[in-house]
Amino acid sequence: MEWQKIIVHHSASSTMVRRGDEMVPVNAAMIREWHLTKGWSDIGYHFVILPDGTCEDGRPLYRPGAHCAAGHRNFIAIGICLVGNFSQLEEVPEAQMNGLLDKLQALMAAFHIDFDNVELHREVPGSATECPGRYFPTDIFRRELQDRVSIVDK
């Protein structure tokens with residue numbers, strides 16, 4: 001795959017779900033289960049960032065994603081999903097934002113993707129969504145990513 005973009009999503013779910021008598025954290029394995037239940041061949045995202053900032057692998061990078069059909073993005077964009085629902089009054093934990101920024105910085109360097117080619121799902125032309133949520137801190141995210149990219153470019 002010749003990756004040209006990266007798209008940021010949210011799971012639009014709680015960070016914990018009930019399984020039997022206990023509450024368990026949502027992670028890449030659980031999202032994979034949800035997507036397989038829909039009849040998909042695998043999890044749609046290439047990476048999943050947990051609330052503590054840990055990054056888990058999703059779909060292998062040698063396969064197109066299943067995270068954004070608009071703009072042919074599944075074939076040209078790496079999909080990263082933050083666990084959580086940022087359409088509600090939920091803030092992105094600092095550790096999770098840092099984990100996202102770390103992963104983006106690494107992927108941008110590895111695949112020579114510039115700042116302008118990192119998109120939020122809702123920014124993709126033809127996408128009818130508010131993903132990664134109306135409360136996702138876009139301004140802070142952009143500023144912090146730009147600061148990290150600027151430091152590397154110097």
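Here is a quick briefing on the pocket, the hairpin, helix α3, the cysteines and some unusual backbone angles in this structure. Bear in mind that the model is predicted. The largest pocket holds about 190 Å³ of space, and a search of the whole structure comes back with zero disulfides. On the backbone side, there's a cis peptide bond between Cys131 and Pro132, plus a positive phi at His72 and another at His112.

**The largest pocket**

- Rolling a probe the size of a water molecule over the atoms shows where empty space is left.
- Here, the largest pocket comes out at about 190 Å³.
- It is lined by 15 residues, and the ones closest to its centre are His10, Ser11, His35, Lys38 and Tyr45.
- Two elements, β1 (5-10) and α1 (28-37), each give two or more residues to the lining of this pocket.
- Of the elements, α1 gives the most to that lining, with three residues.
- As for chemistry, the lining splits into seven nonpolar residues, seven polar ones and one charged.

**The β2–β3 hairpin**

- Strands β2 (residues 16-19) and β3 (residues 22-25) run antiparallel and pair over four bridges.
- Look at Arg19 for one of the contacts: its bridge partner in β3 is Glu22.
- Two residues sit between the strands of this hairpin, and Gly20 in the turn takes a positive phi of about 65 degrees.

**Helix α3 and what comes after**

- How does the length of α3 check out? At 1.5 Å a residue, its 18 residues should span 26 Å, and the end C-alpha atoms are indeed 26 Å apart, so the two agree.
- The buried residues of α3 are Gln96, Met97, Gly99, Leu100, Leu101, Leu104, Leu107 and Met108.
- Just after α3 comes His112, with its positive phi of about 55 degrees.

**Cysteines without bonds**

- Why does Cys68 have no disulfide? The closest cysteine sulfur, in Cys131, is 8.7 Å from the sulfur of Cys68, which is too far for a bond.
- Cys68 is also buried, at 3% relative accessibility.
- Cys81 tells a similar story: its closest cysteine sulfur is in Cys131 too, 7.2 Å away, and that is too far for a bond.
- At 0% relative accessibility, Cys81 counts as buried.
- For the structure as a whole, the disulfide search finds zero.

**Backbone oddities**

- Most residues other than glycine have a negative phi, and most peptide bonds are trans.
- The peptide bond joining Cys131 and Pro132 is cis, with omega at about 10 degrees.
- You'll find Pro132 in the loop between β7 (118-120) and α4 (138-153).
- His72 isn't a glycine, yet its phi is positive, at about 60 degrees.
- Where is His72 placed? It lies in the loop between β5 (55-57) and α2 (73-76).
- Is His72 buried or exposed? At 51% relative accessibility, His72 counts as exposed, given that the cut-off for exposed is over 50%.
- His112 is another residue other than glycine with a positive phi, near 55 degrees.
- The loop that holds His112 runs between α3 (94-111) and β7.
- His112 is exposed, with a relative accessible area of 72%.

Note on methods. Residues are numbered from 1 along each chain as its sequence is written. This is a predicted model: local features need pLDDT of at least 70, side-chain atom pairs count only at pLDDT 80 or more; totals for chains, interfaces and linings use all residues. Side-chain values use heavy atoms; hydrogens and water are left out. On a 1 Å grid over the protein atoms alone, a cavity is a set of points where a 1.4 Å probe fits but cannot get out, and a pocket is an open set with protein on both sides within 12 Å along at least five of seven lines; lining residues have an atom within 4 Å of a point. Grid points are joined across faces, edges and corners, and a volume is the space filled by probe spheres set on the points. Ala, Val, Leu, Ile, Met, Phe, Trp, Tyr, Cys and Pro count as nonpolar, Asp, Glu, Lys and Arg as charged, and the others, Gly among them, as polar. Two strands pair if DSSP finds at least two bridges between them. A disulfide is a pair of cysteine sulfur atoms within 2.5 Å. Buried means under 20% relative accessible area, exposed over 50%, partly exposed in between (1.4 Å probe, protein chains only). The expected span of a helix is 1.5 Å times one less than its number of residues.
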